[in-house]
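Biologist: Before we discuss any detail, could you put the sequence and the structure in front of us?
Modeller: Here they are, and we can then go through them by question and answer.

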Amino acid sequence: MSDIAIDALDKRFGQTQVLHQVSLAIADGEFVAVLGPSGCGKTTLLRCLAGFEKLDGGQIAIGGETVSGPARHLPPEKRGIGVVFQNYALWPHMSVAQNVAYGLKIAGLPKPDRDRRVAHVLDLVELGPLAKRRPADLSGGQRQRVALARCLAMESRVVLLDEPLANLDMHLRGTLEEEFARFHARSGATMFYITHDQAEALALADRVAVMDRGRILQFAPPQALFRQPASEAVAGFIGEGRVLDGEGLHPTGDGLARASVLGHPARLRCAPGERPRPRARISIHPGDLDLVPEGTHNAISANVTRASFRGAYLRTEVMAGPAGDVPLSLNIAAPASLRQGQRISLALRDGWVIPDTAATP
Amino acid sequence: MTRSAPNSPTSSGSDPLSLADNTPKRPYRALRLPSAPDGERLLLLALVLFVGVLSIVPLGRLAYAALFPQGGFDAARIAEILGGRRVAEAVVNTIWISVAATLLATVTGTLAALMTGLTDMRNRTLWVFGFVLPLMIPPQVTALAWIQAFSPASPILGPLGLSLPPGTRHPLYSMGGIIFLLGLYNAPLVFLSVRASLQRLPASLLEAARANGAGGFALTRDIVLPLIRGGVFAGAALAFVSAIGNFGIQAMLGIPARVSTLITLIYRRLSSYGPSALNDMALLALLLAGLTVCGMAVTAWLGRRGDQRVDAAQRPPRMALGRWRLPVEATAWAYLLACLVLPLSALFGTALVRGYGQPLNAETITFENFANALFHHEGIREAFATSLWLTLLTVAVLIPVAVALGYVLVWRKGWVARLLRLASELAYALPGIIIGVAMILFFLRPLPLIGTGLYGTVWVILAAYLSNYLALALRPILGGYAQIERGLDEAAQLAGAGIFARLRDIVLPSLAPSAMAAGILVFMTAINEIQTSVLLVSSRAQTIGPMIIFLEEAGSSTLAAAVGCLMVLLVLALMGLSLIVGRRLPEGVLPWRD
């Protein structure tokens, strides 16, 4: 088993506290992404897991064995963890095959077995013909596959990935995301993927931990992060979300509620235990707003401040609400044309009531 | 967790499903290389022992002997020794000579760096090589070459009739002569430091000043000089440390001129009175160390808040000298002619004549001196052999130690690492003669386990070399580490490699050019070394460095010149070799490469 239990982790560098009480329970074979802006502590969290950093508090257990804790620190070379580094960290003086074989050689695997396993792994990532090449002669995508092959050869039960797509150009990313998914399916390893790109995190992971300033804000499946954010910070961060004020919240059962948003009644989703309250904070996304014909009943009127062409749709920024001071964005399907200053009517199709406990940050 | 041995059939890797099924088959740990429970701690302990025994403890012993000779602090004794007329005179001379020489070196070195770094002067590479070359020649050889410059055998001044008639007082046998030579000798140190600063200068800052209408002179005065101030004073600090501890020049010129400095005073007292003067000389050595540290502190204070801008992407644009180009180039080459060709040609001239004082011509020319130096003179041959194996052993020990120490310094921070670095830097910065006195004190008494003392044997010299040159070996290696990506080591760690396997398989291959450069630097410095070994040589252990002084003192000037020539040739050969192996080296590792 290689489940990971991170419990109340604290990490300081000098006076700055980089990680605050970070706790995550990751199941065996799960693909977890840690998402956050740069400097939020996600790389430090990865380095703690790998054993490059010692903890100031809390503990980490992998497969039930404590690897970092108050009294114990298993060095990285004893943890059996694979890491795909941001720039892959391929040893430049070794060939592709030697890079993949190094860990097996250190482990004392006899040469025939080693060669067989390396050849097999290189075939799996379709690098067999390049086995004799040096890393410098490979393209970015090929280097990435060598780094993955290194983890495959070691049969690492836990693989950590540190922003592995950050250095690659856009069109390569899609192919490589697929590569990770295949790697995950093939190896069944527990994957821990660090990124600042939410599209990557939401597309790849079973569960995503959203991190900010050294704290985990929410740890949930991608759909839940998008549709049921636990706090205003997550609501604002994921999927170009906006947070609006709602008044006179009345749950109606079945996880639904009524409230007044931007001066108009709206039907919203809410948590099962939600109680009536005078004020609430509502999470919406651009897709929750629709353009409706002028004069529609209960429509929200808005003023276009900017409309920009994005190919399949028109990205539109508006000011809405009774006082015309609430900025909103929405995507209007092409063909459409809007002018700056034009008055339009909008309908709010969906929204999520952010639970009260987290509403006050 | 179940783990099966990797060589069992189930995990042979031939079965395509073996990577997809969920039972872990990570190679069994018992099969891993036998390694100590914590290799890194072991390594750190070894490094602490190495630096501790070779640097910290001897220097501590020196301070103890200086201040508490009989186990107690005696202020009256200290006042009596330091207040003596001869000591006071030596202190004043030392300060005056090193400060004046530092000023000369700073002005010359900065001008040279500005000229080669910012102007469109031609043949810069060759000129830089010539300008930096004197730094690589042992100081006692430089002093000897300058002394010979005015001899009748000089191929330049001799035919011009400008040589000194025998019996007249040599102009360099004076305080001014010492300052002049020390200044010239250390100018390349300032040059290298300033050049490094210039290379980091962002081009855009200079271009902005240009756009504002600043001409070449105004640009240099208002923009360049303030920005490279840190580099100028860092170079001045190096020049000061080098001048105050330069035994070769101070002894070769100062002893005949009766200009006493601290370093020559310690040498002369110890060679006349032997170990009985040790405690008093320890006090003087401590005083010299204090002066050195003071000088470094003053220059550090003057250069404080130096601009640390780094912009390696773009070199500053070169300024056109215009109609000044020819005069500037002429001055630059005339400087090299006067400071390099004049003394070195005289040295070769003297080495080629039968007897000192003869002019060099077809009748007097002979290769007898070289033949004597190389084959017939037993003392020289043995000293050279001793120096050679001592130096090779020093390189063989120091390079692995420096690679390991560099690892700790660069990738494992902490107070132990900082202390190790400080100790090795201190042992390098302090004049070699202080290390010499410290080593005598430390090894004078019989060693506890062996029962016999190392004093007077060649092993004390080895210990002094190891202590003295660790920082020298460390510098290029730290530069090499800066180019290795940390992830390469971490990836190997995750692959299960312990510290020693990583150093061998990952670090060393990437570091090889830097390690080679470090080896050549240490070899070049140690093979010609004089400051430490001049105190430690005995009838049983002679090295080649002090041989020139002994030969010159014994009146064999022509033989001394021949030995000096051979040293210069050795240095040139090593520099050439380093240029061949050093193609892939990071910039600035080899000082003589532009």
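Biologist: At roughly what angle do the axes of helix 17 and helix 19 of chain B cross?
Modeller: The model is predicted, so local features need pLDDT of at least 70 and side-chain atom pairs count only at pLDDT 80 or more, whereas totals for chains, interfaces and linings use all residues. Residues are numbered from 1 along each chain as its sequence is written, with chains lettered from A and ligands numbered from 1 in the order in which they are written. Helices (H or I, at least four residues) and strands (E, at least two) are DSSP runs numbered from the N terminus, and axes are lines fitted to C-alpha atoms, for helices over the stretch in contact, with angles from 0 to 180 degrees between N-to-C directions. The axes of helix 17 (residues 415–429) of chain B and helix 19 (residues 458–483) of chain B come within 7 Å, and they cross at roughly 110 degrees.

Biologist: How do the residues of this helix contact divide into nonpolar, polar and charged?
Modeller: Two residues are in contact if their C-beta atoms, placed from the backbone, lie within 7 Å; on the side of helix 17 of chain B the residues include Ala427(B) and Tyr428(B), and on the side of helix 19 of chain B they include Leu470(B) and Leu474(B). Ala, Val, Leu, Ile, Met, Phe, Trp, Tyr, Cys and Pro count as nonpolar, Asp, Glu, Lys and Arg as charged, and the others, Gly among them, as polar. The contact of helix 17 with helix 19 of chain B thus holds six nonpolar, three polar and one charged.

Biologist: Which strands stand at the edges of the open six-stranded sheet of chain A?
Modeller: Two strands pair if DSSP finds at least two bridges between them, and the sheet has the order 6-7-8-3-9-10 with mixed pairing. Each edge strand has a single partner strand, so one side of each is left without a neighbour in the sheet, and these are strand 6 (81–84) and strand 10 (215–220) of chain A.

Biologist: Which residue is the bridge partner of Val84(A) in strand 7 of chain A?
Modeller: Strand 6 of chain A and strand 7 (residues 158–162) of chain A pair in the parallel sense over four bridges. Within this pairing, the partner of Val84(A) is Leu161(A).

Biologist: In the hairpin of strand 9 and strand 10 of chain A, which residue takes a positive phi?
Modeller: Strand 9 (residues 207–212) and strand 10 of chain A pair in the antiparallel sense over five bridges, with Asp212(A) bridged to Arg215(A). Two residues lie between the strands, and the one with a positive phi, near 45 degrees, is Arg213(A).
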